[in-house]
Amino acid sequence: MSIIISLLASVLLPAPISAVDTVKLDNRTYIGELPSGQGKLYHQDRGLFIGSFNRTVPQGRGNRIKADGSIYSGNFVKGVEQGYGRLFMATGAVICGEFSSGYANGRDTLYYPNGKIFIGVVVNNGAIKQGKTYKNAIS
């Protein structure tokens, strides 16, 4: 009897809508699950985003390869870097920590290409508010 009920429920109840499709809007192309789910978004000016989406807008965990060659891996809220993440900058520097409004803002660690490491509070991807720099941590 329980098998029959399960079969009837699977036939009668609507399945969640989720389909893989391609959507082109202006200078953006989205390929992925609709209306929400996993996908890829290419934006002519902002680069490539791969990860979770809500109505073709980055939401949740994902990776963005920016037009300047830098790579952000972390959390997104309404298409903007927000929460914990890592930014691998085109200059070779790496920022790990808190992001808000699309920038490293908060308690972060900066790894410089010359081996120096800064641990402290960062504003807008680099303005150092307070913390300590350690010289040549690589050697």
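The largest pocket in this predicted model encloses about 160 Å³ of space. Its lining comprises 13 residues, and Arg28, Leu41, Arg46, Pro58 and Arg64 are those that lie nearest the pocket centre. Strand E3 (36–43), strand E4 and strand E5 (57–65) are the elements that each give two or more residues to this lining. The composition of the lining by class is tabulated below.

| Class of lining residue, largest pocket | Number of residues |
|---|---|
| Nonpolar | 5 residues |
| Polar | 4 residues |
| Charged | 4 residues |

The largest nonpolar core has 14 residues, among which Ile95 and Phe99 touch the most other members. Two or more residues of this core come from each of strand E2 (28–34), strand E4 (47–54), strand E6 (71–77), strand E8 (94–100), strand E9 (103–111) and strand E10 (117–123). Strand E4 thus appears both here and among the contributors to the pocket lining.

Leaving aside residues up to four places away in sequence, Phe99 touches Tyr72, Glu81, Gln82, Gly83, Gly85, Arg86, Leu87, Ala104, Asn105 and Asn125.

Confidence varies along the chain. The average pLDDT is 84, and 84% of the residues score at least 70. The highest mean, 97, belongs to strand E6, whereas the lowest, 41, belongs to helix H1 (residues 2–12). The pLDDT is below 50 over residues 1–17, a stretch with 2 contacts in the model beyond near neighbours in sequence. Where pLDDT is low, predicted coordinates should not be read in detail.

Methods:
Residues numbered from 1 in each chain as written. Predicted model: local features only at pLDDT ≥ 70, side-chain atom pairs only at ≥ 80, totals over all residues. Heavy atoms only, no water. Core = buried A, V, L, I, M, F, W, Y, C linked by side-chain atoms within 4.5 Å. Buried < 20%, exposed > 50% of the residue type's maximum accessible area, 1.4 Å probe, protein only. Helix = DSSP H or I, 4+ residues; strand = E, 2+ residues; numbered from the N terminus. Contact = heavy atoms within 4.5 Å. 1 Å grid on protein atoms, 1.4 Å probe; cavity = no way out; pocket = protein on both sides within 12 Å on 5 of 7 lines; lining within 4 Å. Points joined across faces, edges and corners; volume = space filled by probe spheres on them. Nonpolar A, V, L, I, M, F, W, Y, C, P; charged D, E, K, R; others polar. pLDDT = per-residue confidence, 0-100.
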